[in-house]
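Subject: Structure handover

Hello,

I am passing a structure on to you, with notes on what was found in it. Please look through it before reading the notes below.

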Amino acid sequence: MNKILVISATSFTNYKLSLKIQSLLESYNVDCEVINLEEFENQLDRFMDMFKMAQAEQALNELSKLAENLIEKQTDLINELSDSPSKTSLLNSKSTKQEQRFDNFQNTMDDAVNQIEDISEQSAEELKNLKNSSTIEETENSMNQATKKINNQNSEEATSESNKAKKNLEKIS
């Protein structure tokens, strides 16, 4: 036996009429189902909201992991500056890579702001404030200076700049 599907566009008169049709068909042993498009759309909206929330949470988790990784790599760089200050090429490469990681972190912050704006204006605003803070600018500057000092083979000042960057990264995270 076939099943009849009755679709109602609204929750009001059309839906009540659909239920009456369903009842009438079922009295003749006809399998019938009523779908309310308005309710279906509401369910889809709830699922979309949950999906957006999950995406925002994922973006914030990614930011947290990137911040932890930045701190870890900055610590490694500081240790290598102390242990092997003569390895200029290697240290320069690592310092430049750290600058790239920080750029990626800032881009990820922008993405996170975009993903959470609709969900939490306050959280989005706090993230924007962090992104535009002097701490971000100082961190970027310290990383740039550390790379320059490494290139000039001034490991003492490079270590100082790297330590400043690390302290700022810890503030950020």
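How are H2 and H3 oriented to each other, roughly parallel or roughly antiparallel? The axes of helix H2 (residues 37–83) and H3 cross at roughly 165°, and angles over 145 degrees count as roughly antiparallel. H2 and H3 are therefore roughly antiparallel to each other. Their axes come within 9 Å, and H2 passes H3 in a left-handed crossing. The residues in the contact of H2 with H3 comprise 16 nonpolar, eight polar and five charged.

Before the rest, a word on confidence. This is a predicted model. The mean pLDDT of the chain is 94, and 99% of the residues reach at least 70. Among the elements, strand E1 (residues 3–8) has the lowest mean pLDDT, at 91, while the highest, 97, belongs to H5. As a general caution, predicted coordinates should not be read in detail where pLDDT is low.

Helix packing around H5

H5 (134–151) packs against H3 (88–116) with the axes 8 Å apart and an angle of about 165°. That angle makes H3 roughly antiparallel to H5. The crossing of H3 past H5 is left-handed.

H5 also meets helix H6, which covers residues 155–172. The axes of H5 and H6 come within 8 Å and cross at roughly 155°, so H5 and H6 are roughly antiparallel to each other as well. Here too the crossing is left-handed, with H5 passing H6.

The cavity

How many cavities of 30 Å³ or more are there? The count comes to one. The largest cavity holds about 40 Å³ of space.

Which residues line the largest cavity? From the earlier part of the chain, the lining includes Leu81, Pro85, Thr88 and Leu91. From further along, the lining includes Lys149, Ile150, Gln153, Asn154 and Ser155. By class, four residues of this lining are nonpolar, four are polar and one is charged. Helices H3 and H5 each supply at least two residues of the lining. These are the two helices described above as roughly antiparallel.

If you open the model, the cavity lining can be picked out by selecting the residues named above, among them Leu81 and Ser155. For the helix pairs, H2 with H3 is one place to begin, with the axes coming within 9 Å.

Regards

Technical notes:
Residues numbered from 1 in each chain as written. Predicted model: local features only at pLDDT ≥ 70, side-chain atom pairs only at ≥ 80, totals over all residues. Heavy atoms only, no water. 1 Å grid on protein atoms, 1.4 Å probe; cavity = no way out; pocket = protein on both sides within 12 Å on 5 of 7 lines; lining within 4 Å. Points joined across faces, edges and corners; volume = space filled by probe spheres on them. Helix = DSSP H or I, 4+ residues; strand = E, 2+ residues; numbered from the N terminus. Nonpolar A, V, L, I, M, F, W, Y, C, P; charged D, E, K, R; others polar. pLDDT = per-residue confidence, 0-100. Axes fitted to C-alpha atoms, helices over the stretch in contact; angles between N-to-C directions. Parallel < 35°, antiparallel > 145°, perpendicular 65-115°, else oblique. Left-handed = near helix turned anticlockwise from the far one by under 90°.
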